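Trainee: Could you take me through one part of this model, slowly and in detail? I would like to see how a single helix sits against its surroundings.

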Amino acid sequence: MSKVIYGFTPESFDNRYREPDYHYGTEPNAFLVSQRARFKPGMKALMPGDGEGRNGVWLAEQGLEVTTFDPSEFGVEKAERLAASRGVSIDARRAGVETWDWEPEQFDVVGLFFIHLPVALRGPAHANALKTLRPGGIVILETFSPHQIECRKNGAAGGPKEVDRLFTCEMLRVDFPGVLFHLLEETEADFKGYAHYGRCGVVRMVAERVS
Ligand SMILES: C[S@@+](CC[C@H](N)C(=O)[O-])C[C@H]1O[C@@H](n2cnc3c(N)ncnc32)[C@H](O)[C@@H]1O
């Protein structure tokens with residue numbers, strides 16, 4: 001694999017994922033599950049930065065043809081193991097947004113969950129996510145918002161410290177021009193995981209590529 005800029009602290013995710021436990025758990029993200037009516041068997045989904053695979057594996061269980069990628073080799077191995085334990089298959093690759101070959105018009109769904117990339121990578125990654133969708137396909141996203149800084153003071157956990165890695169609706173309107181927003185909101189969500197915990201500030205988006 002050519003050089004990947006880890007989006008967070010260097011190699012921090014390898015250090016988390018080399019432990020036997022699943023750092024973000026094995027259950028899918030609740031917002032993803034809440035959107036299940038949008039997913040049909042046979043659709044093709046791409047999950048960049050899918051970590052240990054909890055979301056990609058759940059989409060495969062819904063009958064989608066799922067490709068995931070993550071820079072962490074330990075994450076990729078655990079995603080493959082999780083899929084096997086659930087009796088589904090995913091195409092799990094080791095890559096970062098900056099090395100992935102974003103072929104145009106390939107996927108019906110791109111899922112971006114807590115991918116708090118540095119500013120220099122975020123815009124191009126979002127443009128590529130849109131490019132790799134077929135017209136009519138959706139980007140579904142949940143990430144922490146700047147409100148998470150306040151939430152952390154009240155005991156919540158998760159998300160980067162740097163404010164420019166926290167997402168706003170305004171930022172997403174700029175990054176995803178010309179889409180149809182089925183949902184775009186800054187809200188609060190309750191997490192019960194070890195890494196994401198408590199009442200947290202998040203941004204949620206479902207954006208359709210219209211042409
Ligand atoms: C907070 S975790 C979220 C993992 C997964 N999406 C989930 O919700 O369980 C962020 C993920 O982004 C990955 N990541 C870091 N830098 C990246 C990059 N340059 N390109 C793609 N993914 C990256 C990490 O390895 C990690 O798995």
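Mentor: Happy to. Let's settle on helix α4, where G75, V76, K78, A79, L82 and A83 are buried. Keep in mind that we are looking at a predicted model. Viewed down the axis of α4, those buried residues stay within an arc of 165 degrees, so they line one face of the helix. The face turned away from that buried side carries A84 and S85, which are exposed.

What lies over the buried residues? The cover includes α1 (12-17), α3 (54-61), β2 and β3, a mix of helices and strands.

As for the helix itself, α4 has 14 residues, and from its first C-alpha to its last it reaches 20 Å. That is close to the 20 Å expected at 1.5 Å a residue. Just after α4 comes G87, with a positive phi near 75 degrees.

Now let's step back to the sheet. It is an open sheet of 7 strands with mixed pairing, in the order β3-β2-β1-β4-β5-β7-β6. Its edge strands, each pairing on one side only, are β3 (91-94) and β6 (180-192). From one strand to the next, the twist averages 15 degrees. Helix α4, residues 73-86, packs on this sheet by touching β2 (65-70) and β3, and its direction makes about 170 degrees with that of β3.

Further along the strand order you will find β4 and β5. Strand β4 (residues 107-113) pairs with strand β5 (residues 133-144) in the parallel sense, over 6 bridges. To find your way between them, start from L112: its bridge partner in β5 is L141.

That brings us to the interior. In soluble globular proteins, nonpolar side chains tend to be buried together. Here the largest nonpolar core holds 46 residues, and A45, V110 and V139 touch the most other members. Our helix takes part too: α4 is among the elements giving two or more residues to this core, along with β1 (44-48), α3, β4, α5 (119-131), β5 and β7 (197-208). The most comes from β5, with 6 residues.

If you want one residue to centre your viewer on, try V139. Leaving aside residues up to four places away in sequence, V139 touches V110, L112, A129, L130, L133, F176, M205 and A207. Two names there should be familiar: V110 is one of the core residues that touch the most other members, and L112 is the bridge partner of L141.

Methods. Residues are numbered from 1 along each chain as its sequence is written. This is a predicted model: local features need pLDDT of at least 70, side-chain atom pairs count only at pLDDT 80 or more; totals for chains, interfaces and linings use all residues. Two strands pair if DSSP finds at least two bridges between them. Helices (H or I, at least four residues) and strands (E, at least two) are DSSP runs, numbered from the N terminus. Axes are lines fitted to C-alpha atoms, for helices over the stretch in contact, and angles run from 0 to 180 degrees between N-to-C directions. Two residues are in contact if their C-beta atoms, placed from the backbone, lie within 7 Å. The expected span of a helix is 1.5 Å times one less than its number of residues. A residue is buried if 20 or more other C-beta atoms lie within 10 Å of its own, exposed if 12 or fewer, and partly exposed in between; C-beta atoms are placed from the backbone. The arc is that of the directions from the helix axis to the C-beta atoms. A nonpolar core is a set of buried Ala, Val, Leu, Ile, Met, Phe, Trp, Tyr and Cys residues joined through C-beta atoms within 7 Å.
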